[in-house]
Amino acid sequence: MYDHTDLANLQAQSLKMQSWIRRQTFSPELEKTLRRFSSWEVSELIFKINQSTFRGRLAAEPDLPSGEVEPDGRQRWFSLDEINELRRKMKINRKSLMPKRPAGKRAFRVAIANFKGGAGKSTVALHLAHASALDGYRVLVVDFDPQATLSHSMGLNDVSEEHTVWGIMARDLLRETDRMNAAMTGAESGAALPQRRIPSSIRDMGLGDLRVSDFIMPTAWPTIDIVPSCANAAFVEFASAQYRHLNPDWTFFGAVSRYLDALPDDSYDLIIFDCPPAIGYQSMNAVFAADMLYVPSGPGYWEYDSTTSFIGQLSEALADLNDGFGQTFSAEKVTLPKQFCDIRFLMTRYEPGNELHRAMFQAFGKVFGPHVAKHPIEMTRAVEQSGRFLSSVYEIDYRIMTRETWRRARASFDGAYEEFKTSVLEAWEKLEKTS
């Protein structure tokens with residue numbers, strides 16, 4: 001027979017192996033670092049201009065970053081900071097290389113969500129974040145999943161649960177409860193309102209005093225930050241149920257949305273959520289805060305079935321929130337029913353030569369119509385490599401494999417990203433201006 005102590009022993013054994021695994025996936029210092037990008041990548045894949053044009057501009061304008069030159073002088077390699085400086089200073093045919101962003105609007109928020117484990121949520125979130133950063137956008141990723149796959153892929157390992165989404169929710173409970181208690185009389189009746197009490201065991205953690213920036217950590221990518229997750233944050237579902245009991249009037253599903261509303265509008269351009277494979281307190285916070293719902297799904301029937309169940313149960317959960325809270329809380333900036341600017345479905349692990357995969361892709365199109373992304377993410381050896389090394393295709397140096405293998409994988413994610421960006425820009429226009 002086995003109990004919790006046996007599970008703890010197994011975890012201890014696994015933790016001993018983690019340091020070895022990190023040495024295989026990250027640098028010897030156990031820190032993830034971002035590689036440099038060749039002039040070929042910068043010109044043709046990032047800026048989408050001819051190599052000779054790019055080299056000509058570097059030669060003609062000595063104030064531009066010149067990168068690092070290989071010993072044989074054949075190739076230059078640029079950091080992402082240098083790429084962004086080039087983007088700001090260079091114009092091609094009088095056109096700016098800066099990415100499009102609607103003026104006067106806050107960052108656009110996208111939730112990557114589905115029931116099915118293995119559907120590729122973390123992989124999609126990672127690649128969309130990296131592709132967006134290479135495109136010049138400033139990105140915040142929020143890891144809602146206690147498995148913390150996205151956090152680990154971003155190089156974050158030693159994270160305390162206080163600085164995860166759980167901490168944001170606990171902080172919001174304290175602040176919202178204090179705000180409610182400060183309203184000593186009812187707006188219409190003038191009667192005294194009951195005081196809601198939060199136990200000292202929660203207040204003494206000091207979460208109410210944390211600043212917005214305390215939850216945000218940098219990554220190896222200079223234009224990507226993260227609100228990380230960790231395995232210890234798995235208890236958030238239990239804790240959140242307790243918090244709702246302490247203050248039934250607390251709109252728990254709006255906690256992360258209120259937190260993000262406190263960020264300056266120009267801090268980031270895109271905010272990407274990696275959701276857990278379940279509908280619970282964390283995932284409902286992600287869904288409620290999102291402007292767009294992005295649903296990855298594998299190409300199998302069971303994954304299609306799971307996706308169908310996911311959108312059905314999500315619909316019921318949102319309807320229950322609307323029925324339970326069904327009004328606008330002006331002081332909390334919570335508006336029901338929840339509305340999305342767009343909903344998209346993205347097929348992952350797709351093999352174009354597989355007849356079943358083609359049939360399922362057609363089935364998705366017939367059922368979900370224009371909501372289905374036209375560019376599925378193909379399963380290639382380079383994609384498998386990226387999963388093995390906790391890295392995106394964009395982070396992998398193409399010199400460790402044939403360039404054609406790497407380019408095929410990158411082309412798949414590039415196509416998915418371009419379609420993602422088009423959908424985001426169209427939906428972004430629907431947001432109200434904040435200034």
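A cavity is here a set of points, on a 1 Å grid over the protein atoms alone, where a 1.4 Å probe fits but cannot get out, and its lining residues have an atom within 4 Å of a point. Grid points are joined across faces, edges and corners, and a volume is the space filled by probe spheres set on the points. The structure is a predicted model, in which local features need pLDDT of at least 70 and side-chain atom pairs count only at pLDDT 80 or more, while totals for chains, interfaces and linings use all residues. Residues are numbered from 1 along each chain as its sequence is written, and side-chain values use heavy atoms, with hydrogens and water left out.

With these rules in hand, the cavities come to two of 30 Å³ or more. The largest cavity holds about 100 Å³ of space. Its lining consists of Leu 45, Ile 46, Lys 48, Ala 131, Leu 134, Asp 135, Tyr 394, Arg 410, Asp 414, Tyr 417 and Glu 418. At least two of the lining residues come from each of helix H2 (39–46), helix H5 (121–134) and helix H15 (403–428); helices (H or I, at least four residues) and strands (E, at least two) are DSSP runs, numbered from the N terminus. H15 gives the most to this lining, with four residues.

Turning to the chain as a whole, its secondary structure comprises 15 helices and twelve strands. Of the 435 residues, 53% are buried, where buried means under 20% relative accessible area, exposed over 50% and partly exposed in between (1.4 Å probe, protein chains only). Among contacts (heavy atoms within 4.5 Å) between residues at least 6 apart in sequence, 79% join residues at least 24 apart.

A good place to look next is the open sheet, where seven strands follow the order S8-S9-S7-S10-S6-S11-S12 with mixed pairing; two strands pair if DSSP finds at least two bridges between them. S8 and strand S12 (342–347) stand at the edges with a single partner strand each, so one side of each is left without a neighbour in the sheet.

Strand S9 (residues 224–227) is covered on both faces, with Ile 224 and Ile 226 buried on one side and Asp 225 and Val 227 buried on the other. In a regular strand the side chains alternate between the two faces of the sheet. S9 pairs with strand S7 (residues 139–143) in the parallel sense over four bridges, and in this pairing Val 139 stands opposite Ile 224 and Leu 140 opposite Asp 225. Strand S8 (residues 217–218) runs antiparallel to S9 and is joined to it by two bridges, with Pro 218 standing opposite Asp 225. The hairpin from S8 to S9 passes through five residues.

Helix H13 (residues 355–368) lies across strand S11 (292–297) and S12, running at about 170 degrees to S12. Axes are lines fitted to C-alpha atoms, for helices over the stretch in contact, and angles run from 0 to 180 degrees between N-to-C directions.

Finally, Gln 313 belongs to helix H12 (residues 301–325) and is partly exposed, with a relative accessible area of 42%. Apart from neighbours within four places in sequence, Gln 313 is in contact with Phe 115 and Ile 279. The C-alpha atoms of Gln 313 and Ile 279 are separated by 7.9 Å, although these residues are 34 residues apart along the chain.

Key:
On a 1 Å grid over the protein atoms alone, a cavity is a set of points where a 1.4 Å probe fits but cannot get out, and a pocket is an open set with protein on both sides within 12 Å along at least five of seven lines; lining residues have an atom within 4 Å of a point.
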